[in-house]
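Below are my notes on the model, set out as numbered points for a colleague who will want to check each of them against the coordinates. The enclosed space comes up before the overall architecture.

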Amino acid sequence: MKSNTLQSSENWTESVRLFARVALGASLLSAVADRFGLWGPYGAKNVSWGDFAHFVEYTGEVTSLFPSSLTVPFALAATVAETLLGILLIVGFKTRMASVLSGLLLLSFAMGMATGLGIKTPFDYSVFSAAAAAFLLAFWEPDRFTLDKLLNRSRH
């Protein structure tokens, strides 16, 4: 009986890990899609930016402690990082590294939002929660639904 309970627990744990990876990855990619207008134009319902120019403007607010000359490089770096990390998380490649880097990226977003827009904003958008989930994900072994596990299995 204990082995069924243990197996059920392991299946649930793997399911939660898969959910966490896909949810975090999809959230990162959704934000990138928004800044390129894939969710609709600026001003449309549930669209934050709608184009890269509005995202750069928002980046300036979030990075207000830095010189404005860094706004575009920050916007570009965030876009590249979110794209790469989102893909890595979804496919489960270099999962631990992608999880830690996602946590650090999200934590930096939360801190920037707090300083540039007020402490309530990162809580309203669950950025601290997402960062915490990313850090927790880094402590788990790769599950059977990851590219990491598939590649590791093929090496043995």
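1. The largest cavity holds about 50 Å³ of space, and the structure contains 1 cavity of 30 Å³ or more. Please keep in mind throughout that this is a predicted model, and that the values below are computed from it.

2. The lining of the largest cavity is made up of R17, R21, T95, R96, L137, W140, E141, P142, D143 and T146, and the elements that give two or more residues to this lining are α1 and α4. Sorted by class, the lining of the largest cavity comprises 5 charged, 3 nonpolar and 2 polar residues.

3. The largest pocket is a separate item, with about 1100 Å³ of space in it. Which residues come closest to its centre? Of the 41 residues that line the largest pocket, those closest to the centre are W49, Y58, E82, F109 and M113. Two or more lining residues come from each of α1 (2-35), α2 (52-62), α3 (71-91), α4 (95-117) and α6 (127-137), and α4 supplies the largest share, with 9 residues. By class, the lining of the largest pocket divides into 26 nonpolar, 11 polar and 4 charged residues.

4. F109, one of the residues closest to the centre of the largest pocket, belongs to helix α4. Is F109 buried, partly exposed or exposed? Its relative accessibility is 23%, and because the buried class requires a value under 20%, F109 counts as partly exposed. Leaving aside residues up to four places away in sequence, F109 touches V62, A78, E82 and V127, and among these contacts E82 is itself listed with the residues closest to the pocket centre. The C-alpha atoms of F109 and A131 lie 9.4 Å apart in space, with their positions 22 residues apart in sequence.

5. As to the fold as a whole, the secondary structure of the chain comes to 7 helices and 0 strands, and the pattern read along the sequence is α-α-α-α-α-α-α. The C-alpha atoms fill a box of roughly 60 × 30 × 30 Å when it is taken along the principal axes. Among contacts between residues at least 6 apart in sequence, 59% join residues at least 24 apart.

6. On burial and surface, 32% of the 156 residues of the chain count as buried. The chain exposes about 9500 Å², and carbon and sulfur atoms supply 68% of this area.

7. In helix α2 the buried residues are F55, V56, T59 and V62. Viewed down the axis of α2, these buried residues fall within an arc of 115°, so they line one face of the helix. The general background is that an α-helix has 3.6 residues a turn, so residues three or four places apart point the same way. A53 and E57 are exposed on the other side of α2. For A53 the relative accessible area is 55%, and it is therefore classed as exposed. The C-alpha atoms of A53 and Y125 are separated by 21 Å, the two residues being 72 residues apart along the chain.

8. Helix α6 can be read in the same manner. Its buried residues are V127, A131, A134 and L137. Seen down the axis of α6, they fall within an arc of 125°, so these residues line one face of the helix. Two of the names recur elsewhere in these notes: V127 is touched by F109, and L137 is in the lining of the largest cavity.

9. Two backbone angles deserve a look during checking. K94 has a phi near 55°, a positive value in a residue other than glycine, and it sits in the loop between α3 and α4; with a relative accessibility of 43%, K94 counts as partly exposed. S126, likewise not a glycine, has a positive phi of about 55°, and its place is in the loop between α5 (120-124) and α6. The relative accessible area of S126 is 38%, so this residue is partly exposed.

How values were computed:
Residues are numbered from 1 along each chain as its sequence is written. This is a predicted model: local features need pLDDT of at least 70, side-chain atom pairs count only at pLDDT 80 or more; totals for chains, interfaces and linings use all residues. Side-chain values use heavy atoms; hydrogens and water are left out. On a 1 Å grid over the protein atoms alone, a cavity is a set of points where a 1.4 Å probe fits but cannot get out, and a pocket is an open set with protein on both sides within 12 Å along at least five of seven lines; lining residues have an atom within 4 Å of a point. Grid points are joined across faces, edges and corners, and a volume is the space filled by probe spheres set on the points. Helices (H or I, at least four residues) and strands (E, at least two) are DSSP runs, numbered from the N terminus. Ala, Val, Leu, Ile, Met, Phe, Trp, Tyr, Cys and Pro count as nonpolar, Asp, Glu, Lys and Arg as charged, and the others, Gly among them, as polar. Buried means under 20% relative accessible area, exposed over 50%, partly exposed in between (1.4 Å probe, protein chains only). Contact means heavy atoms within 4.5 Å. Accessible areas come from the Shrake-Rupley method with a 1.4 Å probe; for residues, only the protein chains shown count as cover. The arc is that of the directions from the helix axis to the C-beta atoms.
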